[in-house]
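The questions below deal with strand pairing, helix packing and pockets. Each answer works towards the name or value asked for.

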Amino acid sequence: MITAVFYKKGRDLSGFRVSGHAGYAEYGEDIVCASVSSAVQLTCNLITETFDIKADVSAEGDAVTLRVAETCEEATNLMDGLKIHLELLSEEFENTIITKISEV
């Protein structure tokens, strides 16, 4: 199962950590993992490259973590979009993704 934890500071999202494997299909053929990986990469790139928001991004093993230096509306909106996307994937492909909010 893929676990996506979104870090919330007040009303804003300050980061996320996505880890695990969907287990929907064999390695290299799992469309849920591919969808999640692509969405996470896009979100990280939009935040750091397109919107030029300072953030720490790390990828270790099967986990990607992003934390913004300072919360802002643009970063919150992008991360909220990722969260919604993952929730919709979770509805379509049951028991593959869980999303959580963690207050920081």
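Q: In which sense do S3 and S4 pair, and over how many bridges?
A: This is a predicted model. In it, S3 spans 55-60 and S4 spans 63-68. The two strands pair in the antiparallel sense, and the number of bridges is six.

Q: Which residue takes a positive phi in the hairpin of S3 and S4?
A: The hairpin has two residues between its strands. Beside that turn, Glu 60 has Ala 63 in S4 as its bridge partner, and Ala 59 stands opposite Val 64 in S4. The positive phi, near 60°, belongs to Gly 61.

Q: Over how many bridges do S2 and S4 pair?
A: S4 pairs with S3 and also with S2. One bridge links Ser 19 to its partner Ala 63 in S4. The pairing of S2 with S4 is antiparallel, and its bridges number five.

Q: What is the order of the strands in the open sheet, and which are the edge strands?
A: The sheet has five strands with mixed pairing, in the order S3-S4-S2-S1-S5. An edge strand here pairs on one side only, and this applies to S3 and S5 (97-103). Neighbouring strands are turned by 15° against each other on average, direction ignored. The order is therefore S3-S4-S2-S1-S5, and the edge strands are S3 and S5.

Q: What angle does the direction of helix H2 make with that of S2?
A: Helix H2 covers residues 73-92 and packs on the sheet. The strands it touches are S1 (2-9), S2, S4 and S5. Its direction and that of S2 make an angle of about 40°.

Q: Why does H1 count as roughly parallel or roughly antiparallel to H2?
A: The two helices pack with their axes 10 Å apart, at an angle of about 175°. Angles over 145 degrees count as roughly antiparallel. H1 is therefore, relative to H2, roughly antiparallel.

Q: How many nonpolar, polar and charged residues make the contact of H1 with H2?
A: From H1 come Ser 35, Val 36, Ala 39, Val 40, Thr 43, Leu 46 and Ile 47. They meet Ala 75, Leu 78, Met 79, Leu 82, His 85, Leu 86 and Leu 89 in H2. By class, these residues divide into 11 nonpolar, three polar and no charged.

Q: Which element gives the most residues to the lining of the largest pocket?
A: The largest pocket holds about 340 Å³ of space. Its lining has 18 residues, with Ser 37, Val 40, Asp 62, Ala 63 and Val 64 nearest the centre. Two or more lining residues come from each of S2 (12-20), H1 (31-50), S3 and S4. The element that gives the most, with six residues, is H1.

Q: How many residues of each class are in the lining of the second largest pocket?
A: This pocket has a volume of about 160 Å³. Among the residues that line it are His 21, Tyr 27, Glu 29, Asp 30 and Cys 33. For the largest pocket the class counts are 10 nonpolar, seven polar and one charged. For the second largest they are four nonpolar, three polar and three charged.

Definitions and conventions:
Residues numbered from 1 in each chain as written. Predicted model: local features only at pLDDT ≥ 70, side-chain atom pairs only at ≥ 80, totals over all residues. Heavy atoms only, no water. 1 Å grid on protein atoms, 1.4 Å probe; cavity = no way out; pocket = protein on both sides within 12 Å on 5 of 7 lines; lining within 4 Å. Points joined across faces, edges and corners; volume = space filled by probe spheres on them. Helix = DSSP H or I, 4+ residues; strand = E, 2+ residues; numbered from the N terminus. Nonpolar A, V, L, I, M, F, W, Y, C, P; charged D, E, K, R; others polar. Axes fitted to C-alpha atoms, helices over the stretch in contact; angles between N-to-C directions. Contact = heavy atoms within 4.5 Å. Parallel < 35°, antiparallel > 145°, perpendicular 65-115°, else oblique.
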